[in-house]
Amino acid sequence: MDTNERPAVDETDVAILERVERDADVNLAELAEELELSKSAVHYRLNKLKDADVITAVSADVDPLALGLNMVVITEVSVAHESDYAEDIGQSLTAIDGVFQVYYTMGDVDFVVHSRVQNREQMNDLVDEIVSIDGVDETSSKFVMRELKTSTRAVANMSEEMVRDAVDGTD
């Protein structure tokens, strides 16, 4: 979504998003009762938010630790600046098994890659795969010792000011 063309949302939409973000399997009747809306109004608003790509997917949150993915690796990647390097290298980074976030950045490094693996061998393989990408010049990896806050919830992490700006359509 182009950040300059944000869809209009209001306080009710934000309340719906916060509830759905917390529990994607929420019962529409319960949600309607909580928000003092009709079930059809909640259904309409949910569809509107999906059509506007505010809600991009409905999924289950899986605890990575339950699958043994207890090693988090943050890798800074510096690359050669050639034509279309950002898109090409970015796509290569996102295709690596274990990678769950890739950020194209400005500053001392070009990409920041967040990965989860189960053991050191997988971590070494992952870093080797990053280094083998054509155009990657240098990497520096950090290993998370303890996760203090991990959340994929956008609405739950918004301040009151951020919610007001989202509703007002300002940045």
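## Helices, pockets and selected residues in a predicted model

Ala32 touches Leu37, Ser38, Lys39 and Val42, when residues up to four places away in sequence are not counted. The structure described here is a predicted model, and Ala32 is a convenient place to begin reading it. This alanine is found in helix H2, which covers residues 28-35. Ala32 has a relative accessible area of 4%, and because buried means under 20% relative accessible area, Ala32 is described as buried. One of its contacts can also be followed along the chain: Ala32 and Val42 are ten residues apart in sequence, and their C-alpha atoms are separated by 6.1 Å.

### Helix H1 and its partners

Helix H1 comprises residues 11-22, and Arg19 is found in it. Is Arg19 buried or exposed? With a relative accessibility of 12%, Arg19 counts as buried, since the limit for that word is under 20%. If its neighbours within four places in sequence are left aside, Arg19 is in contact with Val26, Glu30, Leu31 and Glu34.

H1 also packs against helix H3, which is made of residues 39-51; the angle between the two is about 85 degrees, and their axes are 11 Å apart. That angle makes H1 roughly perpendicular to H3, because angles of 65 to 115 degrees count as roughly perpendicular. On the H1 side the residues that meet H3 are Thr12, Asp13, Ile16, Leu17 and Val20, while on the H3 side they are Arg45, Leu46, Lys48 and Leu49. Sorted by class, the residues of this contact of H1 with H3 are five nonpolar, one polar and three charged.

### The two pockets

The table sets out the largest and the second largest pocket, with the volume of each and the makeup of its lining.

| Pocket | Volume | Lining residues | Nonpolar | Polar | Charged |
|---|---|---|---|---|---|
| Largest | about 820 Å³ | 26 residues | 16 residues | three residues | seven residues |
| Second largest | about 670 Å³ | 23 residues | eleven residues | six residues | six residues |

Which residues of the lining lie nearest the centre of the largest pocket? They are Leu17, Glu21, Val54, Ala154 and Val155. The largest share of this lining, five residues, comes from H1, and Leu17 is also one of the H1 residues that meet H3.

In the second largest pocket, the lining residues nearest the centre are Phe100, Arg116, Thr150, Ser151 and Thr152. The elements that give two or more residues to the lining of this pocket are strand E1 (71-79), strand E2 (99-104) and strand E3 (111-117). Of the lining of the second largest pocket, the largest share, four residues, comes from E2.

### A strand residue and a helix residue

Ser78 is found in strand E1. At 17% relative accessibility, Ser78 counts as buried, because that value falls under the 20% limit. Not counting residues up to four places away in sequence, Ser78 touches Asp108, Val109 and Asp110, and it also touches Gly135, Val136, Asp137 and Glu138.

Gln91 is found in helix H4, which covers residues 85-94. At 48% relative accessibility, Gln91 counts as partly exposed, since exposed means over 50% and buried means under 20%. Gln91 and Glu21 are 70 residues apart in sequence, and their separation in space, from C-alpha to C-alpha, is 27 Å. Glu21 was named above among the residues nearest the centre of the largest pocket.

### Two loop residues with positive phi

Where does Glu36 lie? Glu36 lies in the loop between H2 and H3. Although Glu36 is not a glycine, it has a positive phi of about 55 degrees. With a relative accessible area of 74%, Glu36 is exposed, because exposed means over 50%.

Asp53, for its part, is placed in the loop between H3 and E1. Asp53 has a positive phi of about 60 degrees, and it is not a glycine. At 45% relative accessibility, Asp53 counts as partly exposed.

Methods
Residues are numbered from 1 along each chain as its sequence is written. This is a predicted model: local features need pLDDT of at least 70, side-chain atom pairs count only at pLDDT 80 or more; totals for chains, interfaces and linings use all residues. Side-chain values use heavy atoms; hydrogens and water are left out. Buried means under 20% relative accessible area, exposed over 50%, partly exposed in between (1.4 Å probe, protein chains only). Contact means heavy atoms within 4.5 Å. Axes are lines fitted to C-alpha atoms, for helices over the stretch in contact, and angles run from 0 to 180 degrees between N-to-C directions. Angles under 35 degrees count as roughly parallel, over 145 as roughly antiparallel, 65 to 115 as roughly perpendicular and the rest as oblique. Ala, Val, Leu, Ile, Met, Phe, Trp, Tyr, Cys and Pro count as nonpolar, Asp, Glu, Lys and Arg as charged, and the others, Gly among them, as polar. On a 1 Å grid over the protein atoms alone, a cavity is a set of points where a 1.4 Å probe fits but cannot get out, and a pocket is an open set with protein on both sides within 12 Å along at least five of seven lines; lining residues have an atom within 4 Å of a point. Grid points are joined across faces, edges and corners, and a volume is the space filled by probe spheres set on the points.
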